[in-house]
Amino acid sequence: MITKRATGVLVAAVLTAALTGCSSDSGSGGEGDGPYTVGVANFTLGGPYFNGMDKAVKARAKTKDVEILSTDAGGDAAKLASNVEDLISKDVDAVIISGGPLESAPAVLNSLKAAGKPAVLVDRKFRTGEYASWVGPDNEAIGKQNGEFLAERLPDGGKVALIKGGPADNSIGKARTDGVKGALEAASGIELVEAPDYGNWSSDGGLTVMESLLAAHDDIDAVFCENDAMCLGAQRAVKDAGRSKIVLAGVDGQNEALKAILDGTNYLVTGLNDADVIGSLGLDRTVEILDGGKPEKDTVVPSPRVTKENAEKYYDPKGIF
């Protein structure tokens, strides 16, 4: 599987930590009892992060004798439920759910439970419902470390704009922004400005929101975006306005963002929430469960802060995400 340079090391480290001391059913855990057929129920593939994760699951599956049946609900919760029912009818062995911005999917999880199929969640942990295992980041911690970076960058204070992905109840975005706010509100002389509109997690959305912020504020010193895609759009707006001294901070570790950091642009920091890593780990976790293993239910994937000093470690121009 082609991933960012550090992915293999990070996957191995996380799995070692997660699986140490885990028990298995007698004689079955870790023996690779495949081949298996695993469904991937994507709430949406309408963004580079989720599309990258889907590709990462498929690439990892090729190394493990696993057939993947992938679906895309196009952001429709009812369609996600229908897709899962269809996967169950095809007698998949388990289903990986990439929930995107969806906060809960009780019908989906109930259907899988009734069918006796393990549900493994990647990135998004639903607020309600039963699942076999979850692999994802600590989003508030990612935001906090970005906020601390910006506070160090602005020792004399300044104005920091916040661009959110939306919708209002999206707990992943809220956790990231809460982390940034917590760090910056503890710093001296920092003024926070929240964009009135959502960037919808896309580059074009980030561009539009940033244009509005620049029109309303001529003294912005830094911008935090809840994901890299929006921040890449914001960077275009900043450049077009001739205000490239504004510092940009994002989340995810998207290849284009890592390249911008390496190139010494005003994109200075991101928090690694690598779709390659989480997708790979999600597939590994699913196979572990199907092999009879009993790994920990929830695994937080490390999300190191990435700056110019260490970006080369994570950047791979041929990476999936």
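This briefing describes the sheets, helices and selected residues of one protein structure.

The model is predicted. One open sheet has six strands with parallel pairing, and another open sheet has six strands with mixed pairing. Helices pack on these sheets, among them α2, α10, α6 and α7. Zero disulfides are found in a search of the whole structure.

**The sheet with parallel pairing**

- The strand order in this open sheet is β3-β2-β4-β5-β6-β13.
- Its edges are formed by β3 (66-72) and β13 (298-300), each of which pairs on one side only.
- From one strand to the next, the twist averages 20 degrees.
- Helix α2, residues 48-61, packs on the sheet and touches β2 (36-42), β3, β4 (94-98) and β5. The direction of α2 makes about 165 degrees with that of β3.
- Within the sheet, β5 (residues 119-122) and β6 (residues 133-136) pair in the parallel sense over three bridges. Val120 has Ser133 in β6 as its bridge partner.
- Helix α10, residues 275-290, lies across β2, β3, β4, β5, β6 and β13. Helix α10 runs at about 160 degrees to β6.

**Thr286 in helix α10**

- Thr286 is a residue of helix α10.
- Thr286 has a relative accessible area of 1%, and therefore counts as buried, the cut-off being under 20%.
- Apart from neighbours within four places in sequence, Thr286 is in contact with Val38, Ala94, Ile96 and Val120.

**The sheet with mixed pairing**

- The strands of this open sheet follow the order β8-β7-β9-β10-β11-β14.
- Strands β8 and β14 (305-306) are the edge strands, and each pairs on one side only.
- Strands β7 and β8 run parallel and are joined by five bridges. The bridge partner of Ala161 in β8 is Val193.
- Helix α6 packs on the sheet, where it touches β7, β8, β9 and β10 (247-252). The direction of α6 makes about 155 degrees with that of β8.
- Helix α7 lies across β7, β8 and β9, and runs at about 145 degrees to β7.

**Helix α7**

- Helix α7 covers residues 203-216, a run of 14 residues. At 1.5 Å a residue the helix should span 20 Å, and its end C-alpha atoms are 20 Å apart, so the two values agree.
- The buried residues of α7 are Gly205, Gly206, Leu207, Val209, Met210, Leu213 and Leu214.
- These buried residues pack against the strands β7 (158-163), β8 (190-194) and β9 (220-225), and against helix α8 (228-240).

**Asn170 and its surroundings**

- Asn170 is placed in the loop between β7 and α6 (171-185).
- The relative accessibility of Asn170 is 4%, so the residue counts as buried under the 20% cut-off.
- Asn170 and Gly100 are 70 residues apart in sequence, while their C-alpha atoms are 9.5 Å apart in space.
- When neighbours within four places in sequence are left aside, Asn170 is in contact with Pro101, Glu103, Arg124 and Trp201.
- With Arg124, Asn170 makes a polar contact from side chain to side chain, at 3.3 Å.

**Cysteine residues**

- Cys225 has a relative accessible area of 0% and is therefore buried.
- Cys231 is likewise buried, with a relative accessible area of 0%.
- No disulfide is found anywhere in the structure.

Terms used:
Residues numbered from 1 in each chain as written. Predicted model: local features only at pLDDT ≥ 70, side-chain atom pairs only at ≥ 80, totals over all residues. Heavy atoms only, no water. Disulfide = S-S within 2.5 Å. Buried < 20%, exposed > 50% of the residue type's maximum accessible area, 1.4 Å probe, protein only. Helix = DSSP H or I, 4+ residues; strand = E, 2+ residues; numbered from the N terminus. Expected span 1.5 Å × (residues − 1). Contact = heavy atoms within 4.5 Å. Pairing = 2+ DSSP bridges. Axes fitted to C-alpha atoms, helices over the stretch in contact; angles between N-to-C directions. Polar contact = N/O pair within 3.5 Å; in protein donor to acceptor, adjacent residues only side chain to side chain.
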